[in-house]
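Please open the structure in your viewer and keep the sequence panel at hand. The tour below proceeds by selection, and each stop states what is to be found there.

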Amino acid sequence: MAEILGLGTTDYPRLRSPDPAMTGPFRGNLNGSHLPEERKDPKNWPAEMQAEWGDDEGLACGQQARANQIEQFTKLRAELDAFNPDFILVWSKDSRESLRNFCVPQFWIQAQDVTHAKVFQGPGGRESGETFFGQDFDREVDIPGHPEGARHLMRGLQDAGFDPAYSTEIMHPTGLAHTFCGVLTHIDWGSWEFQRPVVPVGIDPFGLRQRGPDGCEPLTEKTLPPMTAQRAFDMGRSTARILKDSPWRVALVAGVGWSHANNTSWERGWVHPDIPADRRRYDELVANKLDTWNNFTHEEFEEHGQWELLCWIALAGAMTELGAKVKWSDFEAHYIFNSVWVNCAFEVA
């Protein structure tokens, strides 16, 4: 039986961008056309939010937050180095960046031999063509895939009653959705050699809804919802069983932020993430109570802006199936960076 490592991290793209770009999504939220004017006035923000913004518009807060994230990314990379997986499966958001509206699957598996990707491009550095860590903004890297592992997973999911969409060719114009680029740079922080094979599994948390700086268009009968938490949880459990019964050592990585200010409908006028809601779920994570993570409702996702947690719910299902416990974790919550960031590692199962 194969061994499996579970990891979680954020995809926040501005962590690989110059310091002034760290608050870019928040600035975009403030300029949202649907946002009530009173929400844009700092005098009406929570005291903690005003302190983070300070007199430098969040520059010092961003530098401190990035320093903590780099520490977490270094720990994640150490876990991978020690485990030495045959390939890494990454669950992250791909809200039609790659497939556009040609096909809108709830999730899809990328099974190509190699991906040629401009991993350092993405929201945040695009304005200046710069990165935080001095890498070439236009550098294209060859990220090896693991088509045998991807096909094994696809067959297993079909046998388990899922209908996985998949591709064997690069679909994104720069190789990978910006979320996957963020995850891969984070878990390879300081090296950026991208030598480990990767199987990206995109989960679409929005369906056909349009998403802008101040949120998503309201859920209606015309906007089909994404998969349920139960379905994501079950997919994670099945994925763990399938890969456990394989010849490969596999790292399962959930790579998205938690609540996002702009992941609720614009009717709600959120300008910052829902930190208390994320804290409640984080407490469940550290207490190893992930077997309840199939109980999120679409109403909760919408109210708290937690749609992207579908990727973490898949990881929760996998770790529940394997009986893996949290080894270490970190919770980073700020009002001015659009999303809450969690990093963690589970014991090898």
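**First stop: a loop residue**

Select L219, which lies in the loop between β9 (215-216) and α7. The coordinates shown are those of a predicted model. Is L219 buried or exposed, or something in between? L219 is partly exposed, its relative accessible area being 36%; the partly exposed class lies between the buried limit of under 20% and the exposed limit of over 50%. Display the surroundings of L219 next: leaving out residues up to four places away in sequence, L219 touches R209, E302 and W307. Then add S265 to the selection. L219 and S265 are 46 residues apart along the chain, and their C-alpha atoms are separated by 7.4 Å.

**Second stop: helices α7 and α10**

From the loop, move to helix α7, residues 229-244, and select with it helix α10, residues 310-322. Two packed helices are described by the angle between their axes and by the distance between those axes. For α7 and α10 the angle is about 50° and the axes are 7 Å apart. That angle makes α7 oblique to α10. Viewed as a crossing, the passage of α7 over α10 is right-handed.

Which residues form the contact between α7 and α10? On the α7 side, select A229, A232, F233, M235, G236, R237, A240, R241 and K244. On the α10 side, the partners are L310, I313, A314, A316, G317, A318, T320, E321 and L322. Colouring this contact by class gives 11 nonpolar, three polar and four charged residues.

**Third stop: a residue before β1**

Keep K244 of α7 displayed and select A2, in the segment before β1 (4-9). With neighbours within four places in sequence left aside, A2 is in contact with L243, K244, S246, W248 and A349. A2 is buried, with a relative accessible area of 7%. For a long span across the model, select Q50 as well: the C-alpha atoms of A2 and Q50 are separated by 49 Å, and the two residues are 48 apart along the chain.

**Fourth stop: strand β7 and its partners**

Select strand β7, residues 198-203. Six of the six residues of β7 are buried, so the strand is largely enclosed by the rest of the structure. In a regular strand the side chains alternate between the two faces of the sheet. In β7 both faces are covered: one side carries V198, P200 and G202, the other carries V199, V201 and I203, and all of these are buried.

Which strands pair with β7, and in which sense? Strand β2, residues 87-93, runs parallel to β7 and is joined to it by six bridges. Within that pairing, I88 stands opposite V198, and W91 has V201 as its bridge partner. Strand β3, residues 107-110, runs antiparallel to β7 and is joined to it by three bridges; here F107 stands opposite I203.

**Final stop: strand β2**

Return to β2, of which seven of seven residues are buried. Add strand β10, residues 250-255, which pairs with β2 in the parallel sense over five bridges. Centre the view on I88: its bridge partner in β10 is A251, while V198 stands opposite I88 in β7.

Key: Residues are numbered from 1 along each chain as its sequence is written. This is a predicted model: local features need pLDDT of at least 70, side-chain atom pairs count only at pLDDT 80 or more; totals for chains, interfaces and linings use all residues. Side-chain values use heavy atoms; hydrogens and water are left out. Axes are lines fitted to C-alpha atoms, for helices over the stretch in contact, and angles run from 0 to 180 degrees between N-to-C directions. Helices (H or I, at least four residues) and strands (E, at least two) are DSSP runs, numbered from the N terminus. Angles under 35 degrees count as roughly parallel, over 145 as roughly antiparallel, 65 to 115 as roughly perpendicular and the rest as oblique. A crossing is left-handed if the near helix is turned anticlockwise from the far one by less than a right angle, and right-handed if clockwise. Contact means heavy atoms within 4.5 Å. Ala, Val, Leu, Ile, Met, Phe, Trp, Tyr, Cys and Pro count as nonpolar, Asp, Glu, Lys and Arg as charged, and the others, Gly among them, as polar. Buried means under 20% relative accessible area, exposed over 50%, partly exposed in between (1.4 Å probe, protein chains only). Two strands pair if DSSP finds at least two bridges between them.
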